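Me: I would like a close look at a single part of this model, followed outward to the contacts around it. Please take it step by step and explain the terms as they come up.

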Amino acid sequence: PRHMAEAIAAGIRAADPEVTVKLFNASKSDKTDIIAEIFRSKALVLGSPTVNNGYLYAIAGQLELIKGAKFKKKKAAAFGSYGWSGEAVPNLTARMQQLRLSLPLEGMRVRFCPTQEDLAAAVQFGRDFAKAVRGE
């Protein structure tokens, strides 16, 4: 998902050069730093590979912090990769809907490592997300 995250960020920047995009690895970054940035942001995009038919434990922790913050109508989207089953993106999407985040786009997922075509689609996903956040 790191390569996908970078491609999505590139698409967001291409659609709106004025926007600040920050990338975090939820497994390595401090959870309070991440939630503080989410609090200050207009939107967020969460990604995870499918692990044990779901998303990463670190992402689950961030979602619990988001639950406690009670964000309402903040724009969000999900992305991820999978090998066999691919539940991470649908599960992330469902959880974000439960948390009352606004999901203007269907989540994006790719099988195994993203190809060049997948990365190009991720850039477009970022562009589309930026436009949705702006209300276009």
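How many of the eight residues of strand β2 (residues 75–82) are buried?

Reply: This is a predicted model, in which local features need pLDDT of at least 70 and side-chain atom pairs count only at pLDDT 80 or more, while totals for chains, interfaces and linings use all residues. Residues are numbered from 1 along each chain as its sequence is written, and side-chain values use heavy atoms, with hydrogens and water left out.

Seven of the eight residues of β2 are buried, and the strand is therefore described as mostly covered, where buried means under 20% relative accessible area, exposed over 50%, and partly exposed in between (1.4 Å probe, protein chains only). Helices (H or I, at least four residues) and strands (E, at least two) are DSSP runs, numbered from the N terminus.

Strand β2 has β1 (residues 43–47) as a parallel partner, joined to it by five bridges; two strands count as paired if DSSP finds at least two bridges between them. Within this pairing, Ala-43 stands opposite Lys-75 of β2. Strand β2 also pairs in the parallel sense with β3 (residues 108–111), over four bridges, and here Tyr-82 is placed opposite Arg-111 of β3. In a regular strand the side chains alternate between the two faces of the sheet.

The connection from β1 to β2 involves helix α3 (residues 57–69), and the three elements make a right-handed β-α-β unit. Right-handed here means that, with the strands pointing away from the viewer, the path from the first strand over the helix to the second runs clockwise.

Tyr-82 has a further contact, since the charged end of Arg-109 sits over its ring, 5.1 Å from the centre. A charge is said to sit over a ring if NZ of Lys or CZ of Arg is within 6 Å of the ring centre and within 35 degrees of the ring normal. The charged end of Lys-74 likewise sits over the ring of Phe-71, at 4.8 Å from its centre.

Phe-71 leads to the aromatic contacts, of which the structure holds one pair. Phe-39 and Phe-71 form this pair, which is tilted, with 6.0 Å from centre to centre and 45° between the planes. It links distant parts of the chain, with Phe-39 in helix α2 (residues 31–40) and Phe-71 in the loop between α3 and β2, 32 residues apart. Rings of Phe, Tyr and Trp (its six-membered ring) pair if their centres lie within 6.5 Å, and planes under 30 degrees apart count as stacked, over 60 as edge-to-face and the rest as tilted. Phe-39 is exposed, at 60% relative accessible area, whereas Phe-71 is buried, at 9%.

Helix α2 also takes part in a charged contact, as Glu-37 and Lys-22 meet in a salt bridge of 3.3 Å, N to O. This pair again links distant parts of the chain, with Glu-37 in α2 and Lys-22 in the loop between α1 and α2, 15 residues apart. Lys-22 is partly exposed, with a relative accessibility of 48%. A salt bridge is a side-chain nitrogen of Lys or Arg within 4 Å of a carboxyl oxygen of Asp or Glu, and the structure holds six of them. Among them is the contact of Arg-134 with Glu-136, at 2.5 Å from N to O, and these two residues are linked with Asp-16 in a network of salt bridges.
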